[in-house]
Amino acid sequence: MSILTKLRCITLDVTGTLIAYKGELGDYYCMAAKAAGQQCPDYKRVHEGFKLAYTEMAKKHPCFGFAEKIPNILWWKTCVRNSFVQAGYEYDDETFEKIFRRIYATFGSSAPYSIFPDAIPFLRWLRERGVTVGLVSNAEYRYRDVILPALGLNQGSEWDFGVFSGLEGVEKPDPRIYEIALKKAGNVAPEEVLHIGDSLRKDYLPARSVGMHALLLDRFKTADAVDWRKSGATVLPDLIATKEWLTSENLKCSDL
């Protein structure tokens, strides 16, 4: 019997697993500044500034300010302003407001994202076989309400339930986010669930720590995949290979 017959639920990470960013974040920030009549910033500096600003915001106000009930737009406004400041760019309030509104609108739409061509067929294939499909993502509400539907990833046809850090107040790699997923799946036993992601630290290890099976996708041929395999993780190139793996008669759950 194949591994698929042993599973009642499969959960998946979103970014890097089902969808990807198009281009560089710094490009979008640069375009927003140009649209506000400013000279185009150095996109690499802005990208590095964003990483610093986001890390700081996530540490001070985790899960997009969930516990403090910080409005989503205010959390991002602080993060975006600090991104520019870290990169060496400061704007007056009126100019920054124009820049921020464009950035916030852009990243609240499907424009900066692309969906992997194997994503929708794989999710529908699972649901057609009676497997419950869940999404587990460190993302805020716009992923669920706007971005995923705009990309054709709709609750009810491609996925059954979602666990989004900005809505739950828990984020990966905290194992509790996977415990929430098990409850939303209908209190399914963890050994009947497989999680698919692209991070050893955020996906594989915490999912395994609560008793779930897990595997990793190496869509971008990352150097980290060598260490993933050394750690004992199952690593596959895409969801087409995952489908073949799940239906193979020569594998068993102990191979996970």
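In the predicted model, Tyr113 is buried, with a relative accessibility of 5%. Tyr21, by contrast, is partly exposed, its relative accessible area being 47%. The value for Tyr21 falls between the limits of 20% and 50%, and this is why the residue is assigned to neither the buried nor the exposed class.

The structure contains 18 aromatic pairs. In one of them, the ring centres of Tyr21 and Tyr113 are separated by 5.2 Å and the ring planes meet at 35°, so the pair is classed as tilted. Tyr21 belongs to strand 2 (residues 19-21) and Tyr113 to strand 3 (residues 113-115). The pair thereby links distant parts of the chain, 92 residues apart.

A further aromatic pair is formed by Tyr29 and Phe50. The arrangement is edge-to-face, with 70° between the planes and a distance of 6.2 Å from centre to centre. Because Tyr29 is located in helix 1 (residues 25-35) and Phe50 in helix 2 (residues 43-60), the pair ties together parts 21 residues apart in sequence. Tyr29 and Phe50 are both buried. They also belong to a cluster linked by ring pairs, in which Tyr28, Tyr54, Phe64, Trp75, Trp76, Phe84, Tyr91 and Phe107 take part as well.

Ser83, in helix 4, is in contact with both members of the Tyr29 and Phe50 pair. With neighbours within four places in sequence left aside, the contacts of Ser83 are completed by Gly49 and Ala53. The relative accessibility of Ser83 is 0%, so the residue counts as buried.

Charged side chains are also placed over aromatic rings. Arg142 lies over the face of Tyr104, 3.9 Å from the ring centre. For Phe116, the charged end of Arg219 sits over the ring at 3.9 Å from its centre.

Two helix packings involve helix 5 (residues 93-106). The axis of helix 1 comes within 8 Å of the axis of helix 5, and the two cross at roughly 140°. This angle makes helix 1 oblique to helix 5. The crossing of helix 1 past helix 5 is right-handed. On the helix 1 side, the residues in contact are Tyr28, Tyr29, Met31, Ala32, Ala33 and Ala35. These meet Ile99, Arg102, Ile103 and Thr106 of helix 5.

Helix 4 (residues 72-86) packs against helix 5 at an angle of about 115°, with the axes 10 Å apart. Helix 4 is therefore roughly perpendicular to helix 5. This crossing, too, is right-handed. From helix 4, the contact involves Asn72, Ile73, Trp76, Lys77, Val80, Arg81 and Phe84. The helix 5 side comprises Asp93, Phe96, Glu97, Ile99, Phe100, Arg101, Ile103 and Tyr104. Ile99 and Ile103 are named in the contact with helix 1 and in the contact with helix 4. Tyr104 is the residue whose ring face is covered by Arg142.

Pro206 is located in helix 10 (residues 200-209). Its relative accessible area is 4%, so Pro206 is buried. Not counting residues up to four places away in sequence, Pro206 touches Pro173, Pro175, Tyr178, Leu200 and Arg201. The C-alpha atoms of Pro206 and His195 are 10.0 Å apart in space, and the two residues are 11 residues apart in sequence.

Note on methods
Residues numbered from 1 in each chain as written. Predicted model: local features only at pLDDT ≥ 70, side-chain atom pairs only at ≥ 80, totals over all residues. Heavy atoms only, no water. Phe/Tyr/Trp six-rings, centres within 6.5 Å; stacked < 30°, edge-to-face > 60°. Helix = DSSP H or I, 4+ residues; strand = E, 2+ residues; numbered from the N terminus. Buried < 20%, exposed > 50% of the residue type's maximum accessible area, 1.4 Å probe, protein only. Lys NZ or Arg CZ within 6 Å of the ring centre and 35° of its normal. Axes fitted to C-alpha atoms, helices over the stretch in contact; angles between N-to-C directions. Parallel < 35°, antiparallel > 145°, perpendicular 65-115°, else oblique. Left-handed = near helix turned anticlockwise from the far one by under 90°. Contact = heavy atoms within 4.5 Å.
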